[in-house]
Amino acid sequence: MSAVNTIEICQPDDWHLHVRDGEVLPDLIAHTAKQFARAIIMPNLKPPVTTAELALAYKQRILAARPAGNLFEPLMVLYLTDNTTAEQVKNAKDAGVVGFKLYPAGATTNSDAGVTDLAKCASALQAMEACGMPLLVHGEVTHADVDVFDREAVFIDQVLEPLRKKHAGLKIVFEHITTKQAAQYVRDADTQRYGAIGATITPQHMLYNRNAIFTGGVRPHYYCLPILKREEHRLALVDVAASGNSRFFLGTDSAPHAKGTKENACGCAGCYTAWHAMPLYAEVFDAANALDRLEGFASHFGADFYGLSRNTAKLVLKREQQIIPEEFPMGSSTVVPLRAGEMLSWTIVG
Ligand code: DOR
Ligand code: ZN
């Protein structure tokens, strides 16, 4: 912890966000738009957002749900399926779509339409290489015989490394990394011979290890996918983020679920952090004595990776304690944020 009590940074962007659709949109967008200028909107709706037309319509619904006068910009990503064609990739590029998301089938919330075998996507991936369209990957192998805590490390060996070799021009974002293997892989990846690679990191994976899911009982609001890992992995993530390496940037993976679907015999995966994301990240960088590196991680490196301009507005955070509310309205339901009812050390003041 440093003596710095106020930080002013270039306004950040969230490079990985779930806002769902319909009546919940205004409540959820308001939280993100208070902090972030832009966010990549994940396409795992039901049905998934698989074409440029669907993405543009979804974008309009998000724009319409913004608070009055707010200029938040949603950046759209399409859901890669076994049937995505090269033509659909070209159409997406022309429509301003910023990436395709790979969900291995069955990996997480609404991933039934996900890819069963990447070989089926070869022509779509070639088209992505050709037009510089990034592939965003949910990096987990989902076979029943792979331990849930090993899924990410197995993905690197069995899927990611062969993929980068086969499609040497493909630009990849390894989403929500959770392990030291992923941090090292991205840090050390050869981007001269192979495509550029970046990684997003969530606040929960830098703040908590897997003990948080089981402290005094099962804590469903700390359950997300990929699942929280051991302390050594948390430390490795903080290390790369706080090092100022531009391959690592902010992506909250804020994933709202109605309270009753989390506090349930078979609870959904996802942590809700949209309301307090920047204070949570400030806490991480503060504890690592690296508050001066927060701006690069939150506001520069993601925009640079995607080839977009950096924001010009500012965001100011103050070292000021506040209690995180127990829940927030979410349409006709409510959503429980990460660390609900407990203390936050930083507050957004401008
Ligand atoms: O915890 C998660 N929740 N991980 C994901 O990959 C998806 C997300 C969701 O959409 O709820
Ligand atoms: Zn996600």
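Ligand 1 and the zinc ion in a predicted model

User: What makes the pair formed by an oxygen atom of ligand 1 and the side chain of His257 a polar contact?

Analyst: In this predicted model, an oxygen atom of ligand 1 lies 2.7 Å from an N or O atom in the side chain of His257. A polar contact is a pair of N or O atoms within 3.5 Å, so this pair counts as one. Taken alone, ligand 1 exposes 290 Å², and the protein buries 100% of that.

User: How do you know that Leu225 and His138 also make polar contacts with ligand 1?

Analyst: For Leu225, a polar backbone atom is 2.8 Å from a nitrogen atom of the ligand, while for His138 a polar side-chain atom lies 3.3 Å from an oxygen atom of ligand 1. Because the cut-off is 3.5 Å, both pairs count as polar contacts.

User: Which kinds of residue form the shell around ligand 1, and what is said of the space that the ligand takes?

Analyst: The shell divides into four nonpolar, seven polar and two charged residues, and the space taken by ligand 1 is the largest cavity.

User: Why are His16, His18 and Asp253 called donors of the zinc ion?

Analyst: His16 (NE2), His18 (NE2) and Asp253 (OD) lie 2.1 Å from the zinc ion (ligand 2), and donors are N, O and S atoms within 2.8 Å of the metal, so these atoms qualify.

User: Why does the pair of His16 and Asp253 tie together separate parts of the sequence?

Analyst: His16 lies in strand S2 and Asp253 in the loop between strand S9 and helix H9, so the pair joins parts that are 237 residues apart in sequence.

Technical notes. Residues are numbered from 1 along each chain as its sequence is written. Chains are lettered from A and ligands numbered from 1 in the order in which they are written. This is a predicted model: local features need pLDDT of at least 70, side-chain atom pairs count only at pLDDT 80 or more; totals for chains, interfaces and linings use all residues. Side-chain values use heavy atoms; hydrogens and water are left out. A polar contact is a pair of N or O atoms within 3.5 Å; within protein, one must be able to donate a hydrogen and the other to accept it, and residues adjacent in sequence count only if both atoms are side-chain atoms. Accessible areas come from the Shrake-Rupley method with a 1.4 Å probe; for residues, only the protein chains shown count as cover. On a 1 Å grid over the protein atoms alone, a cavity is a set of points where a 1.4 Å probe fits but cannot get out, and a pocket is an open set with protein on both sides within 12 Å along at least five of seven lines; lining residues have an atom within 4 Å of a point. A molecule sits in a cavity or pocket if more than half of its atoms lie within 2 Å of its grid points. Ala, Val, Leu, Ile, Met, Phe, Trp, Tyr, Cys and Pro count as nonpolar, Asp, Glu, Lys and Arg as charged, and the others, Gly among them, as polar. Donors are N, O and S atoms within 2.8 Å of the metal (3.2 Å for Na, K and Ca); water is not among the atoms, so sites may look incomplete. Helices (H or I, at least four residues) and strands (E, at least two) are DSSP runs, numbered from the N terminus.
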